[in-house]
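The exercises below concern the spaces inside one structure and the ligand bound to it. Each task is followed by a solution in steps.

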Amino acid sequence: MISIQNINDSIYNIDLSELSKNLHNENMVKDFLEPPGTNHYQLLSCFSLFFDDSILLDIGTNEGASALAMSYNKSNKIYSFDLVDNRKINENLNNIHYIIDDITREYTGNDGKYDNLVLSSSMIMLDTEHDGRFEFKFYKYLKKINYKGYLFLDDIYLNKIMVNFWNYITEEKMDLTNLGHWSGSGLVVFK
Ligand SMILES: C[S@@+](CC[C@H](N)C(=O)[O-])C[C@H]1O[C@@H](n2cnc3c(N)ncnc32)[C@H](O)[C@@H]1O
């Protein structure tokens, strides 16, 4: 079970230096190695230790750093989504699968394609535009399909819209900013 106590007990033992060699951008490597409370990568790696042989979703791949951090526990399979391909990462990481598509099929209207994948995911990391549009839509989508599991939200204090979004969520939630990203890190539990 994920709790603040359990995270505290293991997060400071995580060393991402070996994994960081897979990133192709020096600035990204610097961010990746920042400590808990500054950046969220160590927290994402820590989350991966709470699951084995599980599916974890990363929405908003960008250069690939969040998917890489989530792949820390190699027994899990990571599916990482983005609308565009901006990866700057070693392609030979066989527990990460990249998908260029909108997970809610917003643009094609072909709803339902990824429902089974989402429902079989133990944890979902959501880190997209932070303008509220996709965040609210995705949250409602999870409720509609009756998702059970954890939703990790990056940047919950980045702007007013994200604060409103965080406050709007009615499920059990934990503010993990002190162990995650300075811009706000939140974990929602869908029971
Ligand atoms: C802040 S970056 C992600 C950073 C990455 N998660 C990390 O922690 O290293 C945001 C990314 O979300 C992507 N994005 C925006 N809307 C999206 C959507 N509806 N589905 C998937 N990705 C999306 C953008 O293309 C961009 O690459």
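**Exercise 1. Which elements each supply at least two residues of the lining of the largest cavity, and which gives the largest share?**

Step 1. The model is a predicted one. Two strands each contribute at least two residues to the lining of the largest cavity: S2 and S3, the latter spanning 96–100.

Step 2. The largest share, three residues, is that of S3. The full lining consists of Thr 61, Asn 62, Ser 80, Asp 82, Val 84, Asp 85, Asn 86, Arg 87, Tyr 98, Ile 99 and Ile 100.

Step 3. Sorted by class, this lining holds four nonpolar, four polar and three charged residues.

Step 4. The volume of the largest cavity is about 40 Å³. The count of cavities of 30 Å³ or more is one.

**Exercise 2. Describe the largest pocket by its volume and its lining.**

Step 1. The largest pocket holds about 570 Å³ of space.

Step 2. Its lining has 29 residues, and those closest to the pocket centre are Gly 60, Asp 82, Asp 127, Thr 128 and Glu 129.

Step 3. Two or more lining residues come from each of H5, S2 and helix H7, which covers 133–144.

Step 4. By class, the pocket lining divides into nine nonpolar, nine polar and 11 charged residues.

**Exercise 3. Where does the ligand sit, and which residues come nearest to it?**

Step 1. The ligand is placed in the largest pocket.

Step 2. Helix H5 (65–70) and strand S2 (77–82) are the elements that give two or more residues to the shell around the ligand.

Step 3. There are 18 residues around the ligand, and the nearest are Tyr 41, Gly 60, Ser 66, Asp 82 and Asp 127.

Step 4. This shell is made up of eight nonpolar, six polar and four charged residues.

**Exercise 4. Which atoms of Tyr 41, Gly 60 and Asp 127 lie 2.8 Å, 2.7 Å and 2.9 Å from the ligand, and what percentage of the ligand's area does the protein bury?**

Step 1. For Tyr 41, a polar side-chain atom lies 2.8 Å from a ligand oxygen atom.

Step 2. For Gly 60, the backbone takes part: one of its N or O atoms is 2.7 Å from a nitrogen atom of the ligand.

Step 3. For Asp 127, an N or O atom of the side chain is 2.9 Å from a ligand nitrogen atom.

Step 4. The ligand taken alone exposes 610 Å², and 86% of that is buried by the protein.

Key
Residues are numbered from 1 along each chain as its sequence is written. This is a predicted model: local features need pLDDT of at least 70, side-chain atom pairs count only at pLDDT 80 or more; totals for chains, interfaces and linings use all residues. Side-chain values use heavy atoms; hydrogens and water are left out. A residue is near a molecule or strand if one of its heavy atoms lies within 4 Å of it. A polar contact is a pair of N or O atoms within 3.5 Å; within protein, one must be able to donate a hydrogen and the other to accept it, and residues adjacent in sequence count only if both atoms are side-chain atoms. Accessible areas come from the Shrake-Rupley method with a 1.4 Å probe; for residues, only the protein chains shown count as cover. On a 1 Å grid over the protein atoms alone, a cavity is a set of points where a 1.4 Å probe fits but cannot get out, and a pocket is an open set with protein on both sides within 12 Å along at least five of seven lines; lining residues have an atom within 4 Å of a point. A molecule sits in a cavity or pocket if more than half of its atoms lie within 2 Å of its grid points. Helices (H or I, at least four residues) and strands (E, at least two) are DSSP runs, numbered from the N terminus. Ala, Val, Leu, Ile, Met, Phe, Trp, Tyr, Cys and Pro count as nonpolar, Asp, Glu, Lys and Arg as charged, and the others, Gly among them, as polar. Grid points are joined across faces, edges and corners, and a volume is the space filled by probe spheres set on the points.
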